[in-house]
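Hello,

Here is the structure I promised to pass on. My notes follow below it.

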Amino acid sequence: MASLWNNCKKNAQPGIPVVLVACLVVLVLFCHNARASLQEALDWGGHLRVRAETSDPENNSRLDILEKERLYDIGFEFRSKNSLDLSNAYRFDLHYEMIGTAGDTNEANTTFFDRYPGARRFLFSSGNADDRRLMDLTHIITDDNDYRIYHRIDRLALTYRRDWATLRIGRQALTWGNGFLFNPMDMFNPFSPTDIERDYKVGDDMITFQKYTSAGEVQMLYAPRRDPATGNVAWDQSSAAAKYHRYVGGLEMDLMAGIHYEDFVTGLGLVGYIGGAAWRMDTTYTWLKDSKQRNGFAAFCANLDYSWNWWGKNMYGWIEYYYTGLGTDDYEKAFADEDIMERILRGERYTLGRSYLDTQLRVELHPLVNFNLTLIANTQDPSGLIQPHLAWDAKQNFQITCGANLYWGGPDTEFAGFDLPGLPVEQAPADSIYVWASFYY
């Protein structure tokens, strides 16, 4: 914790550490006055997850740089969730996490970037780093060729709640939009479409305000960010946006507009029902301010989900289509596209193509055992990913998950592999199988 605090003092504005200390002191005083004991006001929990994985790198891919037939990896994730509920008005949230990875994949990546350091500029995402965030609350404990351990504060927020509005200040998570795997309205640390683990979204430093009215709900945000080159808070790195949600007839509607890294973004979302199924549609348009290649681009996502019972088993499934005008089928040239690469390096985008179709089927084999099968396809290549996984609640606070990531496609396709610009290797993901054990408390 001391290292995290020192990093915060080093990289944040001088007043930020003082504000954080003041918040903690005030919260303890509030708690003392509002509740009979600290125990009544404190809500805490968390989990420890350990992982093991083996993968088969494709020949001549960047993960094949160690010339091993298989890569073996292990890892762990510890997360502590703490909140102070102060009377009916104030709440303070603090989530701490420590994450470690070790094995051949770490070593392959280290070896690759050591051999080709120029590749960092288009292959290294800073989505979990704090170089752009207002507060630097991430610290690397140890980092070697084949292992890495770091810890961070992922939630640090004070909430003020009234019947008519909610104000939240600090590190928090926010999701806009109605997409399942692809979500054009979600501009703030979205999950990768291939993520199986979606327990917690990465937090951002922001101020959010939510106002409730009889006509609907208004949500506004401001996310100040730093220019990683100077370390100073800059408007062209920050975001300010608003979203209006209301019911129109039998539909739910979202209207969104904002400034995101100086680009102006607008969006429309609709949710409706047909029979026993629910459908959702989101569309956005982004006007690019300083782009040399395009004036702007549209994105669109639509999905349909339904639950039913077959053969005495509870089932649930969805199908989703996603399109973005910011995409290409020439993946080698995509790395020279500033608009695409900026969003990949910021952790906002994970794919290079334009058109995707995804679907998922979930079957409750037993009240404690669920099987999921997810399919993602680039419809232009075509290429894609198949993800079967099984989750078993072995005990009340203990879950075992096992699954696989299986990629398919022909040469020069997004999911099967394509040449990296100026390098003698391909960017090709590796088929893998994994098992997780999760302990909750």
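**Salt bridges**

The side chains of arginine 152 and glutamate 97 meet in a salt bridge, at 3.5 Å from N to O. Arginine 152 lies in strand S5 and glutamate 97 in strand S3 (residues 90-103), so the pair ties together parts that are 55 residues apart in sequence. Keep in mind that this is a predicted model.

Are the two partners buried or exposed? Arginine 152 counts as buried because its relative accessibility is 1%, and the cut-off for buried is under 20%. Glutamate 97 is buried as well, with a relative accessible area of 8%.

A second salt bridge also uses strand S5. Here the side chains of aspartate 154 and arginine 79 meet at 2.8 Å, N to O. Aspartate 154 is in strand S5 and arginine 79 is in strand S2 (residues 71-86), so this pair links distant parts of the chain, 75 residues apart. Aspartate 154 is buried at 2% relative accessibility. Arginine 79 is buried too, with a relative accessible area of 2%.

A third pair is lysine 243 with aspartate 254. Their side chains form a salt bridge of 3.6 Å, N to O. Lysine 243 sits in strand S9 (residues 239-248) and aspartate 254 in strand S10 (residues 251-260), 11 residues apart. Both of these residues are buried.

Which residues are joined into one network by salt bridges that share partners? They are Arg79, Glu97, Asp130, Arg133, Arg152, Asp154, Arg155, Arg171, Asp204 and Asp205. The two S5 pairs described above, Arg152 with Glu97 and Asp154 with Arg79, have their residues in this network. In total, the structure holds 30 salt bridges.

**Around strand S5**

Strand S5 covers residues 147-161, and tyrosine 160 lies in it. Tyrosine 160 is partly exposed, with a relative accessible area of 32%. This tyrosine helps to make a nonpolar surface patch of about 580 Å². The other members of the patch are Leu167, Ile169, Ile207, Tyr222, Val233 and Trp235.

Strand S5 also pairs with strand S4 (residues 138-143). The two run antiparallel and are joined by 5 bridges. Histidine 139 stands opposite histidine 151 in S5. S4 and S5 form a hairpin, with 3 residues between them.

Ahead of S4 comes a loop from helix H5 (120-123), and alanine 129 lies in that loop. Alanine 129 counts as partly exposed, at 31% relative accessibility. Its C-alpha atom is separated by 31 Å from that of leucine 390, which is 261 residues apart from it along the chain.

**Strands S12 to S14**

Strand S12 (residues 277-287) and strand S13 (residues 296-310) run antiparallel, joined by 10 bridges. Threonine 284 stands opposite alanine 299 in S13.

S13 then pairs with strand S14 (residues 313-324), again in the antiparallel sense, over 12 bridges. Cysteine 301 stands opposite tyrosine 322 in S14. What separates S13 from S14 in their hairpin? There are 2 residues between them, and tryptophan 311 in the turn has a positive phi of about 50°.

**Aromatic rings**

Tryptophan 311 also belongs to a cluster, where ring pairs link it with Tyr306, Trp308 and Trp310. Across the whole structure, a search finds 19 aromatic pairs. One of them is formed by tryptophan 308 and tryptophan 310, and it is edge-to-face. The ring centres are 5.7 Å apart, with 70° between the planes. Tryptophan 308 is partly exposed at 22% relative accessibility. Tryptophan 310 is partly exposed too, with a relative accessible area of 46%.

Two arginines also sit over rings. The charged end of arginine 51 is over the ring of tryptophan 436, 5.6 Å from its centre. The charged end of arginine 62 is over the ring of phenylalanine 112, 5.5 Å from the ring centre.

**Where to look**

For a quick tour, open strand S5 at arginine 152 and its partner glutamate 97. Move along to aspartate 154 and arginine 79. Then go to the S13 and S14 hairpin, with tryptophan 311 in the turn.

Best wishes

Key: Residues are numbered from 1 along each chain as its sequence is written. This is a predicted model: local features need pLDDT of at least 70, side-chain atom pairs count only at pLDDT 80 or more; totals for chains, interfaces and linings use all residues. Side-chain values use heavy atoms; hydrogens and water are left out. Patches are made of residues with over 30% relative accessible area and no salt bridge: like charges are joined within 9 Å, nonpolar side chains (Val, Leu, Ile, Met, Phe, Trp, Tyr) within 5 Å. Accessible areas come from the Shrake-Rupley method with a 1.4 Å probe; for residues, only the protein chains shown count as cover. A salt bridge is a side-chain nitrogen of Lys or Arg within 4 Å of a carboxyl oxygen of Asp or Glu. Helices (H or I, at least four residues) and strands (E, at least two) are DSSP runs, numbered from the N terminus. Buried means under 20% relative accessible area, exposed over 50%, partly exposed in between (1.4 Å probe, protein chains only). Rings of Phe, Tyr and Trp (its six-membered ring) pair if their centres lie within 6.5 Å; planes under 30 degrees apart count as stacked, over 60 as edge-to-face and the rest as tilted. A charge sits over a ring if NZ of Lys or CZ of Arg is within 6 Å of the ring centre and within 35 degrees of the ring normal. Two strands pair if DSSP finds at least two bridges between them.
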